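Please open the model in a viewer and display the backbone as a cartoon. The tour below proceeds by selection, one helix or helix pair at a time.

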Amino acid sequence: MTTQMFGEAIVRREDPRLLRGDGHYLDDLGHDAYAVAFARSPHAHARVTQIDVADALDVDGLIAIYTYDDLPARLAEPLPLLIPHPALTAPRTGHALAPAVVHHVGEPVVMVVASDRYIAEDVVDRIVVTYEPLPAVVGVERAASGQRVVHDGMDDNVAAHLLQEVGDVDAALATAPHRLDLRFEIERSASMPMEGRGVLARWDPDDPRLRVYTSTQTTTSVRAAIAAAFDLADVHVEVIAPDVGGGFGVKIMHPWPEELLVPWAAMTLGHEVKWVEDRREHFISSSHERGQIHDVTVGYDDDGRILALDVRFLHDNGAYTPYGIIVPIITSTQLPGPYKLPNYRVEFTSLYTNTVIVTPYRGAGRPQAVFAMERTIDAIARDLGADRTQVRAANFVQPDEFPYDVGLVFQDGRPTIYDSGDFQASLRKLTALIGWGAFAQQKEQAQADGRMLGIGLACYVEGTGVGPYEGAHVHVETSGRVMVSTGLTTQGQGHETAFAQIVATELGVPIEDVAVTTGDTRRFGYAVGTFASRAAVMSGNAIALAARAVNAKARTVAARALEANPDDMEIIDGVVRVKGSPAEGIPLNQVAVLSNPLRYSFSEAAQAATQFAVPADDDQPPVRDGEEPGLEGRAYYSPPRSTFANGMHAAVVEVDPQSGNVAVLDYAVVHDCGNLVNPRIVEGQIHGGVAQGIGGALYERMAYDEHGQLLNASFMDFLMPYASEVPTVRIDHLETPSPLNPLGVKGAGEAGVIPGAATIAAAIEDATGVPISRMPLSPDELFRLLRSNGTAPLAPLGALGTSIPEPDDQHGGNA
C-alpha cells in the first residue's frame with residue numbers, strides 16, 4: 001500500500017460508475033416535477049406586438065403560462081452584468097423573458113409550465129406571438145459599419161474598445177528592415193457538451209428553503225444570483241450540480257434566464273419544476289464563441305526577430321454582454337505567446353450583432369490569438385526563406401528571464417507575468433516527437449507518389465489558475481473515512497481522483513479512504529467556479545492546505561496521547577506514529593476520536609474520548625486554546641496572480657487535391673503545466689482538447705445568414721469530428737513548477753484546443769502552398785483555394801532539417 005499518490009498516473013475513480021450508467025445527471029432527477037418549455041423568438045431582431053394565448057388555455061395538463069408582464073419586479077429587471085470593465089462603455093444584458101424587443105433568434109418570450117414536457121411543447125405550439133421584424137445586424141464588419149444598430153439608444157454597435165501598448169510600435173515599425181500586413185479570421189463555433197443546460201427547483205415553504213439542481217460550472221454564484229433575485233438569505237438557497245455531462249465554458253455563464261425562471265415557478269406554484277434544454281435550444285439560446293477578425297502589421301529583422309507587432313481586431317460579442325469582455329481581453333493579452341515583443345500594440349473593438357451571445361468556450365479567446373500570432377510567425381519564415389522553428393526560437397523568452405513581465409493587464413486585472421517555462425526545451429521535445437528533421441524526405445517521397453503532405457506547428461502560453469480564490473474542507477471521520485469538499489464544480493475533469501491523490505499524499509492515508517464532493521453549496525458555501533483551467537491550481541492548493549492543517553492537528557493530538565513531540569510524529573499508511581519507532585503509533589481514525597472530547601459515547605471506539613477515559617490535565621481545558629473539536633481543517637487559496645502554462649503542437653496532414661479533404665495523419669503535443677498531479681488525467685484532457693481543436697480547424701462553424709437565422713442548428717448540419725477524424729495523439733511533458741503556489745502546479749484543462757487551428761492551418765499551407773488565413777476550412781473552401789491558386793506552391797517555408805540550438809547558443813529575444 002502506498003499513500004504517496006501525487007504524480008501517479010492512476011486510473012480515474014469516477015469512471016466505473018459513469019461507464020455503468022450509474023451517473024445522476026439533471027434529467028435523471030425530478031421525475032414528478034412539472035415541465036417547462038419556452039416560446040422563443042424566430043426573428044433575430046423584432047418588436048413583440050402581441051402575445052395571444054387563448055388557444056392554449058384549454059389544453060389538459062397546462063399549469064401556467066408566463067410572459068414578461070407576469071414577472072415580479074426584481075425578475076423583470078435586466079439580467080446581471082457579471083464582469084464590468086471600464087472599457088465596456090455600453091453594456092447591455094437581456095431579460096429573463098423578452099419585454100418588448102428581441103435581439104436574436106432563440107430569445108425566450110413565453111414560459112409554459114405543464115404536467116409533462118410533451119404537453120408543455122404542445123401548448124407552446126398553440127401560442128401566437130406577433131412580431132414586427134426589424135433590420136438585423138449580422139457579422140462584425142457589418143456591425144462595425146454602424147449602418148444598422150442592434151440596440152435602441154445607441155448610435156453604433158460598439159460595446160467596448162480597449163487598447164494596450166508596450167514600447168513604441170510606430171517608431172519600431174518605421175525602422176524595421178522587413179514589414180508585413182496580414183489579415184486573419186476565425187469564425188463562430190460553440191462547445192456542444194453532450195448534456196445541455198438544465199434546472200430543477202424545489203421549494204419548501206415550511207423551512208423556508210429553495211433547493212436548485214442545475215447543470216452549471218458555478219453553484220455558489222448561481223446561489224447568489226437566485227438569492228438576490230428573490231430576496232432570500234444565502235443559507236435558504238441550496239444549489240447543487242449533479243453529474244454534469246460536459247461544460248466547456250457555456251455553463252460558466254450564469255444566471256441563465258432559466259436558472260431564475262424555474263425556481264420562481266417552483267416557489268409560485270408550490271411544486272417541483274424542471275426544464276431541460278433540447279439540442280436546438282442549445283444552438284440558438286445558449287452561447288457561442290470565437291468570431292474575430294484580426295489585422296496584423298509586423299516588423300522584423302533579417303533573422304526573423306520581431307521588432308514591432310501591431311494588432312487590431314474586431315470581436316463579435318453577440319446580442320448582449322452579460323459576461324463582459326473577458327474573451328477579447330484574453331485574446332489581446334495571450335497573443336504574444338512565448339515570444340518577446342519589445343513593441344506590441346493591441347486594440348480591439350467588441351461589437352453587438354443580432355446573434356447568440358458570446359461567452360468563453362474552451363480556449364476562451366486564445367485559439368484566435370494563437371492563430372494570429374503563429375500564422376504571423378510562419379509568414380515571417382516564408383518571407384525570409386527561414387525554417388519555421390528557427391524563427392520561433394529566435395523570438396522565445398529565455399529560461400533565465402522568468403518571471404517574465406509581458407507588460408499587459410490580464411483578464412484578472414493583474415499583470416501578465418509568466419511564472420515559469422522553458423520554451424526552447426519544449427520545442428526540442430516537439431521536433432523530436434513529430435520527426436521534424438526527417439519530414440522533408442517523407443514529403444518528397446509522398447510527392448513522388450502523387451500525395452500532398454504537410455507539417456505544421458504552433459506554440460502558445462495559457463493563463464491559468466485565475467483568482468480570486470477557492471476553498472476546501474477536509475474532515476477525518478472516526479471511521480477513518482476522509483471527507484473532502486470544495487465549492488467548484490466538476491464536468492468530467494477527474495476531480496474526484498486528482499483531489500483524492502492530493503489528500504492521500506498530504507495525510508498519508510490510502511486513497512480508497514478519501515471521498516470528494518464538489519459543487520454542492522450545502523457542503524461548501526464559498527467558491528468561484530470551474531473555468532480558465534483553474535481547478536488544480538485553486539482547489540488543489542486549497543485542499544492541500546486544508547489537509548496539511550489536518551495533518552498538523554493529527555500529529556499534535558497523537559503526540560499528546562503518546563507523550564511525544566508533534567515535530568517527531570509522522571503519518572504513514574493511516575497511522576500517526578513516532579518517527580523511527582513504527583510500533584509507537586495510533587491509527588488516524590482513533591486520533592479523530594481523541595480530537596473530539598465527549599461527554600456521551602455512542603460506540604466502543606468513542607469511549608476513548610469520554611471524560612473518564614482520557615487522562616486529565618487539570619491545568620488545561622479539554623479543548624485547548626486555539627484548537628477546535630474534530631479532526632478537520634478548512635483553508636482557502638488566493639493567488640497573487642495567474643499561473644501561465646504553455647505548450648506546443650505539431651501535426652502532419654494529407655490533402656486530397658481532388659476533393660479538398662484534409663486527413664490529420666499524426667499529432668504531437670508537448671505540454672508544461674508544472675508539477676503533474678496525475679499524468680493520465682492531464683493526457684486525457686489534452687486528447688479531448690485536440691479533438692475540439694481539430695473540430696475548430698476543419699468542421700465546426702455557426703453559419704448565419706444575413707437575416708440572423710442560424711442555418712445549421714442541428715447535428716444534421718453542424719459538423720464535429722468523429723473518432724475516425726482524430727489521430728492517436730502523442731504527448732510529452734515538460735515540468736517547470738510554478739513558484740506561485742504550494743503544489744507548483746499550473747492549469748491543463750484547455751491546453752489541447754488552443755493551438756489546434758494554427759497547427760493544422762500551417763500543415764495545410766505546407767502541403768499545398770496555398771495561404772491559409774481563416775478557419776475553419778471546409779473541403780469545398782480548400783478545393784476552391786487550390787483551384788484559384790492552381791495548386792502552385794508558395795516560396796519554401798524553410799528547410800525542415802535544422803536542429804534547435806541549445807539556449808546558450810541563442811541570442812536572447814530581440815538582442
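Which residue follows α7, and what is the sign of its phi? In this predicted model, select Gly270: this residue comes after α7 and has a positive phi, near 65°.

Next, select residues 257–269, which form helix α7. The helix has 13 residues and spans 18 Å from its first C-alpha to its last, close to the 18 Å expected at 1.5 Å a residue. Eleven of the 13 residues are buried, so α7 is largely enclosed by the rest of the structure. Among the buried residues are Trp264, Met267, Leu260 and Leu261, together with Glu258 and Glu259.

Now select residues 326–334, helix α9, along with α10. Their axes come within 8 Å and cross at roughly 30°, and α9 passes α10 in a right-handed crossing. Show side chains for Val327, Ile330, Thr331 and Gln334 of α9, which make the contact with Arg366, Gln368 and Ala369 of α10. By class, this contact comprises three nonpolar, three polar and one charged residues.

Keep α10 (residues 366–384) and add helix α11 (residues 388–395). Here the axes come within 9 Å and cross at roughly 115°; the two helices are therefore roughly perpendicular to each other. The crossing of α10 past α11 is right-handed. On the α10 side, select Glu374, Ile377, Asp378, Ile380 and Ala381; they meet Arg388, Val391, Arg392 and Asn395 in α11. Colouring by class shows four nonpolar, one polar and four charged residues in the contact of α10 with α11.

How values were computed: Residues numbered from 1 in each chain as written. Predicted model: local features only at pLDDT ≥ 70, side-chain atom pairs only at ≥ 80, totals over all residues. Heavy atoms only, no water. Helix = DSSP H or I, 4+ residues; strand = E, 2+ residues; numbered from the N terminus. Expected span 1.5 Å × (residues − 1). Buried < 20%, exposed > 50% of the residue type's maximum accessible area, 1.4 Å probe, protein only. Axes fitted to C-alpha atoms, helices over the stretch in contact; angles between N-to-C directions. Parallel < 35°, antiparallel > 145°, perpendicular 65-115°, else oblique. Left-handed = near helix turned anticlockwise from the far one by under 90°. Contact = heavy atoms within 4.5 Å. Nonpolar A, V, L, I, M, F, W, Y, C, P; charged D, E, K, R; others polar.
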